[in-house]
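Let's take a walk through this protein together, one piece at a time. Have a look at the sequence and the model first, and then we'll start asking questions.

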Amino acid sequence: MKKIALVGSTGSIGRQVINVVQRYPSRFKPVALIANSSTQVFAQQINGIKPQYAALTDMQAAKSMGGVPSGVTFLSGEDGALKALEECGADVIVVACGGFAGLIYSLKAAELNIPLALANKETLVCGGDLIMPKIGEIMPVDSEHSAIWQCLNFNRNADFARLVITASGGPFRGKQWNSLASVTPAEALNHPTWKMGAKITIDSATLLNKGYEVIEAHHLYNAPYEKIAAVIHPQSIVHSMVQFADGATLAQTSYPTMELPIQLALTYPERLDCGLKQLDFAKALTLDFQPLVRKDYPLFDLALSCGEEGGILPTALNAASEIAVNAFLQGKLRFTDIYTVADKVVQSTVNMRVESYPQLKQADARAREGALKIIEEV
């Protein structure tokens with residue numbers, strides 16, 4: 001039985017991780033659940049699962065928690081969450097929380113030499129230079145990176161000629177960026193093929209997330225940026241592809257679901273039923289691919305520019321975009337001004353080589369502060 005520690009248990013990915021482990025209770029045992037502040041959902045989870053450790057990182061939310069089941073050690077704050085990871089004896093740590101906050105838990109997995117199932121983009125976008133030299137085993141959970149991992153036969157060090165990452169194009173595919181100023185949060189959250197959390201759904205609408213995925217691929221597969229391509233694929237059936245020196249291209253295909261890559265990260269190389277309907281190639285099936293032109297997607301272009309430049313710029317971009325997306329969702333910022341805010345923060349950031357987590361945390365805080373000031377002026 002594989003013991004699982006789950007960071008971000010109440011989020012969209014975290015809830016699906018729980019679905020996976022409960023599908024095969026004889027194979028998986030959740031020994032630690034960690035969340036931020038969703039007390040009601042978290043209470044339901046720990047009462048149903050009864051892990052050895054449970055932690056809420058938000059101190060006020062932790063204080064409002066009622067009693068926990070007998071045998072569950074309840075901790076609070078970031079330090080409490082890290083202690084839970086240290087003491088729970090997990091065989092795998094799943095980092096499924098969103099944002100920069102996930103980086104420290106991925107670094108803890110590396111420090112403890114525990115395999116990391118990674119669904120947190122910011123771990124590699126912001127901290128790739130820090131974590132990759134330290135991490136042992138890492139299993140990508142993003143559907144795109146799981147697809148590449150599968151095409152490489154679960155060998156992140158395998159040779160390849162080119163990685164091809166697919167993007168649905170989001171709800172505004174085919175529209176000019178300058179025509180999207182009046183887009184509402186409801187329109188931007190209406191993703192055509194995926195059901196995800198609000199932040200990543202907006203990032204999918206701007207294609208910022210696809211830029212992040214290129215940066216992730218650079219770190220995960222030691223891939224030069226010139227060997228990574230992104231293409232528009234509206235059906236979201238081909239999750240990514242790998243091209244090889246002999247001209248062959250391997251693709252991983254399935255109907256859109258996160259439970260497949262989540263489950264595979266925990267069971268590979270074994271494949272088990274995850275309740276996903278099989279593609280029926282005996283019926284007509286059309287798969288479209290279109291070029292993704294960087295200049296038509298300014299946030300994608302900005303992410304790639306930051307990735308190629310390296311240093312703390314991806315951290316600054318991530319922090320600014322988190323603040324800008326939140327302001328947009330609250331009706332305080334136009335959709336197109338998400339780029340305006342992020343670009344201004346990046347342009348004002350003095351770049352430097354990544355050397356430590358405290359340095360990145362400081363860069364993150366500085367960029368957030370700068371983004372808030374720019375939003376007041378926009």
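Is Arg23 buried, partly exposed or exposed? Arg23 counts as partly exposed, at 30% relative accessibility. Those words have fixed cut-offs: buried means under 20% relative accessible area, exposed means over 50%, and partly exposed is in between, using a 1.4 Å probe and protein chains only.

Before going further, here's what you're looking at. This is a predicted model, where local features need pLDDT of at least 70, side-chain atom pairs count only at pLDDT 80 or more, and totals for chains, interfaces and linings use all residues. Residues are numbered from 1 along each chain as its sequence is written, and side-chain values use heavy atoms, with hydrogens and water left out.

Now back to Arg23, which has a partner. Side chains of opposite charge can pair when their charged atoms come close. Here that happens as a salt bridge between Arg23 and Glu259, at 2.4 Å from N to O. (A salt bridge is a side-chain nitrogen of Lys or Arg within 4 Å of a carboxyl oxygen of Asp or Glu.) Glu259 sits in helix H11 (residues 259-267) and Arg23 in helix H1 (residues 12-23), so the pair ties together parts that are 236 residues apart in sequence. Unlike its partly exposed partner, Glu259 is buried, with a relative accessible area of 12%. As for the labels, helices (H or I, at least four residues) and strands (E, at least two) are DSSP runs, numbered from the N terminus.

Next, find Lys121. Its salt bridge with Glu213 has the closest N and O atoms 2.8 Å apart. This pair links helix H6 (residues 121-131), home of Lys121, to helix H10 (residues 208-220), home of Glu213, across 92 residues. Lys121 also forms a salt bridge with Glu216, this time with the closest N and O atoms 3.6 Å apart. Glu216 is in helix H10 too, 95 residues from Lys121, and both of these residues are buried. Through shared partners, salt bridges join Lys121, Asp142, Glu144, Lys210, Glu213 and Glu216 into one network. The count for the model comes to 17 salt bridges.

Finally, on to the strands. You'll find an open sheet of five strands with mixed pairing, in the order E11-E10-E8-E9-E12. Its edge strands, E11 (249-253) and E12 (290-291), each pair on one side only. Two strands pair if DSSP finds at least two bridges between them. Strands E8 (residues 162-167) and E9 (residues 228-232) run parallel and are joined by five bridges. Look for Ala167, whose bridge partner in E9 is Ile232.
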